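Let's take a walk through this fold, starting with one helix and working outward. Keep the viewer open so you can follow along.

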Amino acid sequence: MKVGIDTFGCDHGRSGLGSYLNSLVQYLKNEDDVQYELFGAEIDRYTYGNENDIGYKSISLPDSLTAERTWHLLAANRFAKKQKYDVVLYPAAAHMLPFFFGVPGVAIVNDVVSEIFASKKDTKHEIHIKHSLNKAEKIIAASYYIKRDLERLGIKSDKITVIHNGLDHSMFYPRELLSPNLVDIKPFAIQRPYFIYASRLSSPSKKHVELIKAFTLFKERTHLPHRLVLAGSEGPYSEDVHKAVYASRSASDIFVTGFFPHESFPELYSGSDGCIFPSVSEGVGLPVLESMATGVPVACSQCGALPEIAGENALYFNSDDIEQMAAALTALATDKSLKEKLVTGGLEWAKRFSWEKTAQLIQEVLQGIAKK
């Protein structure tokens, strides 16, 4: 069985989808009965799975969303047949897929697709993605929340398999901090104590603005020295977030990092007093698990897939209730017994998730298709 893996739509490794693909590929192994090959832009030849002996086929295209979507419509099937793939894996399936599949396709969905449709308001693309998902041989949803969302969009339930994202325990584990006052991650030097929110500045549903208001309220009420670190790439919502920071009376204690390398997150989490995650439209919420695995207490939204992903090991709040969110920040900063409970439960819970397990389950799906 020869499996093609589409790298288009994964933002050159600089987004959640890019991180997903890079982590997954590390655990997909070429064996006698299965061979993997990545394909995409030449710039990504060394972006994903550098430690694995997995080949890469480059495709000459302009680096633009329009060019990549057009290629999927007009040339993806011809390419897949030419490469003699038995099945093709599409990790960015909510964003780009062929309109039909000359070679069986497996669509991986890490996004809440209905939220994407609502925010983009691109009718043609919505029709395309719905049609393509229905035509895919199989859909892998990263959570039951995503599965239910797809079902509401008219995707047949028996086509969807839920396989949760993994967790790299060789990266995310409790570690001793070298300095009690400072986390030095080049080019950043971040003064402790601080809370961390790791998420791209992509939409209002991420609730950065509400968090900034809650943090400002927390600071005014407690006068504690904590800072708020917003770690994530710039996106369509960046201007609103930066305006909210500028308007905050605690602006000097809010640090917006921009793009932050995934390999540096373990130290960033470990140095924090807590992960705060207010997003209300998460299909996965992987930073919540990563924080738990590093021994950091988590407070997060009660919406989306977060209750599924975090179980009973997080402090939940209503992200539209600024008072409630400020109270959660206060609890993470001051309630020692609560923090110990969240840390202990989170560490145990995070053991359930591994990329090795995720890769094995995905490979079983692929092998099942190839045997048909």
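**A helix to start with**

Pick out helix α13, residues 336–350: at 1.5 Å a residue, its 15 residues should span 21 Å, and the end C-alpha atoms are indeed 21 Å apart, so expectation and model agree. Bear in mind that this is a predicted model. Which residues of α13 are buried? They are L342, V343, G345, G346, W349 and A350. The cover over those buried residues includes α10 (286–293), β14, α11, β15 and α12.

Now zoom out. The chain holds 14 helices and 15 strands. Its radius of gyration is 21 Å, close to the 21 Å that the globule rule gives for 372 residues, so the chain is as compact as a globular protein of that length. Along the principal axes, the C-alpha trace spans about 65 × 40 × 35 Å. Of the 372 residues, 57% count as buried. If you like contact maps, take the contacts between residues at least 6 apart in sequence: 67% of them join residues at least 24 apart.

Next, the sheet. Six strands make an open sheet in the order β12-β11-β10-β13-β14-β15, and the pairing is parallel. The edge positions go to β12 (254–258) and β15 (315–317); each has a single partner strand, so one side of each is left without a neighbour in the sheet. From one strand to the next, the twist averages 20 degrees. As a general reminder, strands of a sheet pair through backbone hydrogen bonds, either parallel or antiparallel. For a look at one pairing here, find β11 (residues 227–231), which runs parallel to β12 and is joined to it by 4 bridges. One residue pair to click on is L230 with its bridge partner V256 in β12.

What packs on this sheet? Helix α12 (residues 322–334) does, touching β10, β13, β14 (298–301) and β15. The direction of α12 makes about 165 degrees with that of β15. Helix α7, meanwhile, lies across β10, β11, β12 and β13 (274–277), and runs at about 165 degrees to β11.

On to the interior. In soluble globular proteins, nonpolar side chains tend to be buried together. In this model the largest nonpolar core has 127 residues, and those with the most contacts inside it are L133 and L150. The element that gives the most to this core is α7, with 7 residues. Follow L150 for a moment: leaving aside neighbours within four places in sequence, L150 is in contact with V109, V113, L133, I139, A141, I155 and I160.

L150 is also one of the buried residues of helix α6 (residues 144–152), alongside Y145, I146, K147 and D149. Covering the buried residues of α6 is a set that includes β5 (105–109), α4 (113–120), α5 (123–135), β6 (138–141), β7 and α11 (306–310). After α6 comes G154, with a positive phi near 100 degrees.

Since you'll probably check the backbone torsions anyway, here are some to look up. D11 is not a glycine, yet its phi is positive, near 55 degrees. D11 sits in the loop between β1 (2–6) and α1 (16–26), and its relative accessible area of 42% makes it partly exposed. K207 is another non-glycine residue with a positive phi, about 60 degrees. You'll find K207 in the loop between β10 and α7 (208–222). Is K207 buried or exposed? At 11% relative accessibility, under the 20% cut-off, K207 counts as buried.

There's a cis peptide bond to look at too: it joins R192 and P193, with omega about 0 degrees. P193 belongs to the loop between β9 (188–191) and β10 (194–198).

Last stop, Y173. Its place is the loop between β7 (160–162) and β8 (182–185). With a relative accessible area of 36%, Y173 is partly exposed. Which residues does Y173 touch, not counting those up to four places away in sequence? They are S270, A293 and T294. For a sense of distance, Y173 and F101 are 72 residues apart in sequence and 41 Å apart in space, C-alpha to C-alpha.

Notes
Residues are numbered from 1 along each chain as its sequence is written. This is a predicted model: local features need pLDDT of at least 70, side-chain atom pairs count only at pLDDT 80 or more; totals for chains, interfaces and linings use all residues. Side-chain values use heavy atoms; hydrogens and water are left out. Helices (H or I, at least four residues) and strands (E, at least two) are DSSP runs, numbered from the N terminus. Buried means under 20% relative accessible area, exposed over 50%, partly exposed in between (1.4 Å probe, protein chains only). Contact means heavy atoms within 4.5 Å. A nonpolar core is a set of buried Ala, Val, Leu, Ile, Met, Phe, Trp, Tyr and Cys residues joined through side-chain atoms within 4.5 Å. Two strands pair if DSSP finds at least two bridges between them. Axes are lines fitted to C-alpha atoms, for helices over the stretch in contact, and angles run from 0 to 180 degrees between N-to-C directions. The expected span of a helix is 1.5 Å times one less than its number of residues. The radius of gyration is taken over C-alpha atoms; the globule rule is 2.2 Å times the number of residues to the power 0.38.
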